[in-house]
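Q: I have a protein model open in front of me and I'd like to learn how to read it. Can we go through it together, one feature at a time?

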Amino acid sequence: MTATYDKFAQFYDLEYGHKENDLDFYIELAKKYGGPILEIGVGTGRVAFELAAEGHHIHGVDNSAEMLKSAHEILDDYDEAVRPFVTLTQGDMRDFDLGSTFSMCIAPFRTLLHNLNLDDQISTLKAIKKHLQPGGIFAFDLFVPLYNVMAQEVWHDRLESEELADPDVDISIDIEVKHQPENQLLTISNTYLHGDEKSETVEMKYRYIFRYEMETLLRLAGFSIIDVYGGFEKQPYDYSSGMMVFVAAA
């Protein structure tokens with residue numbers, strides 16, 4: 001799995017640094033189930049560092065050296081009392097071995113969708129299960145593949161600078177999504193514009209997953225389903241919500 005986010009790292013927090021809608025959910029789970037916690041796709045530490053600030057030991061794994069470099073820089077700005085609670089490791093979610101087990105694993109912000117085929121999906125779930133203590137909890141979120149959206153083959157969007165975490169940077173983002181329904185594959189191309197000048201285009205891919213497909217994958221990997229929510233406030237699953245939040249047990 002190539003480290004797509006190496007190229008994306010310089011823009012990641014600009015686009016997603018102000019995302020907070022999932023934090024209370026993962027913090028509440030951590031209070032309920034305790035640590036240590038494993039995070040898959042830790043990125044720049046957006047979720048991990050909040051959990052560490054709550055006093056939870058967390059080990060974050062990511063395959064992007066550049067994202068982890070940014071994470072270390074951000075962690076340096078945290079209070080000295082928080083830093084010892086965080087360990088960051090570069091690794092492939094499909095095949096990693098940390099030599100320890102955890103009471104909980106999280107994979108926030110649709111990280112699992114970067115597995116682009118069935119073998120990768122199963123390999124990742126089995127690697128996660130191997131790192132969970134008996135009865136350990138795995139929590140993650142995905143988007144719902146809405147039929148009215150997935151009926152399209154190509155669509156576009158644009159984020160203006162005022163919609164980003166730091167509007168003063170004066171960067172806007174042109175987004176193109178190409179859909180291959182036969183593979184359940186989305187190719188997203190983000191072009192970052194400084195003013196009217198083209199800057200850099202970064203491409204990433206997602207293989208989207210339907211609800212019962214995901215439940216089947218979890219069971220094949222040895223998990224049992226605890227809950228499927230329609231959002232981070234634990235509301236019942238509703239297809240129209242556009243969001244799936246899973247909690248499973250090893």
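Q: Let's start with a helix. Which elements do the buried residues of α7 pack against?

A: Keep in mind that this is a predicted model. To read a helix, find its buried residues and then look at what they touch. In α7, they pack against α5 (118–130), β5 (132–143), β10 (224–229) and β11 (243–249).

Q: Which residues of α7 are the buried ones?

A: Helix α7 covers residues 211–220, and its buried residues are Met214, Glu215, Leu217 and Leu218. They lie on the same side of α7, because they cover an arc of only 160° around the axis. Turn to the other side and you'll find Tyr212, Arg219 and Leu220 exposed.

Q: And what follows α7?

A: For that, check the backbone angles. Gly222 comes after the helix, and its phi is positive, near 95°.

Q: Now the core. Which residues touch the most other members of the largest nonpolar core?

A: With a core, look for the members that have many partners. Here the largest nonpolar core has 54 residues, and Phe138 and Met214 touch the most other members. Helix α1 (residues 5–16) gives the largest share of this core, with seven residues. There's another core lying apart from it, made of 29 residues, including Ile58 and Phe232.

Q: What does Phe138 touch, leaving out residues up to four places away in sequence?

A: Quite a list! Among its contacts are Cys105, Leu112, Leu125, Leu218, Phe223 and Phe246. Leu218 is one we've met already, as a buried residue of α7.

Q: How do I read strands? In which sense do β6 and β7 pair?

A: For strands, follow the bridges and see which way the partners run. Strand β6 (residues 154–159) pairs with strand β7 (residues 171–180) in the antiparallel sense, over six bridges. To see one of them, start at Val154, whose bridge partner in β7 is Lys178.

Q: How many bridges join β7 to β8?

A: There are 10 bridges, and the two strands run antiparallel, with β8 spanning residues 185–194. One to look for is Val177, which has Ile188 as its bridge partner in β8. Together β7 and β8 make a hairpin with four residues between them, and Gln184 in the turn has a positive phi of about 50°. One general tip for looking at side chains here: in a regular strand they alternate between the two faces of the sheet.

Q: What about rings? How many aromatic pairs does a search of the whole structure find?

A: It finds 20. For any pair, read the distance between the centres and the angle between the planes. Phe8 and Tyr16 are edge-to-face, at 6.3 Å centre to centre with 75° between the planes. Phe8 counts as buried because its relative accessibility is 0%. Tyr16 is buried too, with a relative accessible area of 17%.

Q: Which residues do ring pairs link into a cluster with those two?

A: The cluster holds Tyr5, Phe8, Phe11, Tyr12, Tyr16, Phe109 and Tyr192. While you're there, check for a charge above a ring: Lys19 lies over the face of Phe109, at 4.6 Å from the ring centre.

Q: Last one: where does Thr101 sit?

A: For a loop residue, find the elements on either side. Thr101 is in the loop between β3 (86–90) and β4 (102–107). With a relative accessible area of 38%, Thr101 is partly exposed. Leaving out residues up to four places away in sequence, Thr101 touches Pro36, Lys130, His131, Leu132 and Gln133.

Definitions and conventions. Residues numbered from 1 in each chain as written. Predicted model: local features only at pLDDT ≥ 70, side-chain atom pairs only at ≥ 80, totals over all residues. Heavy atoms only, no water. Core = buried A, V, L, I, M, F, W, Y, C linked by side-chain atoms within 4.5 Å. Buried < 20%, exposed > 50% of the residue type's maximum accessible area, 1.4 Å probe, protein only. Contact = heavy atoms within 4.5 Å. Pairing = 2+ DSSP bridges. Arc of directions from axis to C-beta. Phe/Tyr/Trp six-rings, centres within 6.5 Å; stacked < 30°, edge-to-face > 60°. Lys NZ or Arg CZ within 6 Å of the ring centre and 35° of its normal.
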